[in-house]
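Reader: I am new to this structure and would like a close look at a single part of it, taken slowly. Could you choose one stretch of the chain, stay with it for a while, and then show me how it sits in the rest?

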Amino acid sequence: MGAALAINLDRQGHSVSLIDQNPDAFRRLPSDFSGRRVTGNGFDRDTLKQAGIEDAYAFAAVSSGDNSNIIAARVVRETFGIERVVARIYDPARAQVYERLGIPTVATVRRTTEAVLSWMMPPDIQVVWRHETGKVSLVVARPSKEWYGVSFKTVADLVSAPVVFVNRLGDLQVAANDLVVQENDELYFALGEGPAEEVREILTRPPQIEG
């Protein structure tokens with residue numbers, strides 16, 4: 001999974017560092033991989049610094065050991081202050097315990113690379129249709145985790161654009177005001193002439209809901 005994530009992020013143009021105790025593991029990377037390869041322990045502070053953790057936006061601990069992954073995730077969050085951290089956990093029962101510590105976990109039996117990336121990356125946005133006049137467009141975006149549980153009506157009010165469809169686990173359905181945002185939801189917004197990037201900026205930040 002580590003190699004798959006690194007290759008995916010590298011091809012998207014992100015700066016990537018990959019840490020592994022076994023240098024032979026880097027042979028899984030293609031010849032055009034432009035990221036950094038660091039031999040060492042993923043929870044060793046000096047190794048993490050060598051990999052550039054102090055400038056990192058996100059960190060994923062996806063080795064074959066549950067204990068190593070959770071220790072690495074906690075070191076990165078608590079020592080280096082990286083907020084977007086995710087740990088791969090093989091035992092789903094233990095994953096629930098670790099999540100109480102504030103570390104999002106991915107159990108291999110129920111999630112894959114896409115789920116890890118959704119924790120690491122900011123919400124993306126894509127214009128899927130635009131009228132020839134340029135006055136109306138349909139854009140799809142995935143809200144960050146701070147929006148989970150927020151009603152579609154509230155989302156529409158905060159974004160100033162109606163939610164018309166939702167892609168939920170591959171099932172595209174018409175949106176309804178009483179639905180709430182769930183993990184990995186892709187929301188389709190009907191926009192006017194404003195830039196689609198504004199939707200991305202709003203969905204990146206926690207929702208500003210007045211009490």
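Author: In this predicted model, Ser-160 is exposed, because its relative accessible area is 66% and the limit for that class is over 50%. Ser-160 sits in the loop between helix 6, residues 152-159, and strand 8, and that strand is the part I would like to follow. The backbone deserves a look here as well, since phi of Ser-160 is near 60 degrees, a positive value in a residue that is not glycine. As a rule, most residues other than glycine have a negative phi.

Strand 8 itself covers residues 163-168, and Phe-165 belongs to it. With a relative accessibility of 31%, Phe-165 counts as partly exposed, because that value falls between the 20% and 50% limits. Which rings, if any, does the model pair with one another? There is one aromatic pair in the structure, and its members are Phe-165 and Tyr-188, with 6.2 Å from centre to centre and 80 degrees between the planes, an edge-to-face arrangement. Tyr-188 lies in strand 10, residues 186-191, while Phe-165 lies in strand 8, so the pair ties together parts that are 23 residues apart in sequence. The partner of Phe-165 falls into another class of accessibility, because Tyr-188, at 15%, is buried.

The strand ends with Arg-168, a residue that rewards patience. Is Arg-168 buried or exposed? Its relative accessibility is 14%, so Arg-168 counts as buried, the limit being under 20%. Its side chain reaches the backbone oxygen of Val-180 at a distance of 2.9 Å. When neighbours within four places in sequence are set aside, Arg-168 is in contact with Phe-152, Gln-173, Leu-179, Val-180, Gln-182 and Asp-185, and so Val-180 appears both in that list and as the residue whose backbone oxygen the side chain reaches.

Just past Arg-168 the chain comes to Leu-169, in the loop between strand 8 and strand 9, residues 171-174. Leu-169 is exposed, because its relative accessible area is 79%. Its phi is positive, at about 55 degrees, although Leu-169 is not a glycine. The loop before strand 8 thus holds Ser-160, and the loop after it holds Leu-169; Ser-160 has a positive phi, and so does Leu-169.

From strand 10, where Tyr-188 lies, one can step across to strand 7, residues 137-141, in which Ser-137 is found. Ser-137 is buried, with a relative accessible area of 6%. Apart from its neighbours within four places in sequence, Ser-137 is in contact with Val-127, Trp-129 and Arg-130, and also with Phe-189, Ala-190, Leu-191 and Gly-192.

To place this part in the whole, it helps to step back. The protein has seven helices and ten strands, and 41% of its 211 residues count as buried. Among contacts with a separation of 6 or more, 55% are between residues 24 or more positions apart.

Elsewhere in the chain is the largest pocket, whose volume is about 1200 Å³. Of the 45 residues that line this pocket, Ser-17, Leu-18, Ile-19, Phe-59 and Ala-60 lie nearest its centre. The lining divides into 26 nonpolar, 14 polar and five charged residues. At least two lining residues come from each of helix 1 (2-11), strand 1 (17-20), strand 3 (58-61) and helix 3 (66-80). Phe-59 lies in strand 3, and Phe-59 is buried, with a relative accessible area of 12%. Its C-alpha atom is 9.9 Å from that of Val-16, a residue 43 places away along the chain.

Which element gives the most to the lining of the largest pocket? That element is helix 1, with five residues. Seven of the ten residues of helix 1 are buried, so this helix is largely enclosed by the rest of the structure. The buried residues are Gly-2, Ala-3, Leu-5, Ala-6, Ile-7, Leu-9 and Asp-10. After helix 1 comes Gly-13, with a positive phi near 95 degrees.

Definitions and conventions: Residues are numbered from 1 along each chain as its sequence is written. This is a predicted model: local features need pLDDT of at least 70, side-chain atom pairs count only at pLDDT 80 or more; totals for chains, interfaces and linings use all residues. Side-chain values use heavy atoms; hydrogens and water are left out. On a 1 Å grid over the protein atoms alone, a cavity is a set of points where a 1.4 Å probe fits but cannot get out, and a pocket is an open set with protein on both sides within 12 Å along at least five of seven lines; lining residues have an atom within 4 Å of a point. Grid points are joined across faces, edges and corners, and a volume is the space filled by probe spheres set on the points. Helices (H or I, at least four residues) and strands (E, at least two) are DSSP runs, numbered from the N terminus. Ala, Val, Leu, Ile, Met, Phe, Trp, Tyr, Cys and Pro count as nonpolar, Asp, Glu, Lys and Arg as charged, and the others, Gly among them, as polar. Buried means under 20% relative accessible area, exposed over 50%, partly exposed in between (1.4 Å probe, protein chains only). A polar contact is a pair of N or O atoms within 3.5 Å; within protein, one must be able to donate a hydrogen and the other to accept it, and residues adjacent in sequence count only if both atoms are side-chain atoms. Contact means heavy atoms within 4.5 Å. Rings of Phe, Tyr and Trp (its six-membered ring) pair if their centres lie within 6.5 Å; planes under 30 degrees apart count as stacked, over 60 as edge-to-face and the rest as tilted.
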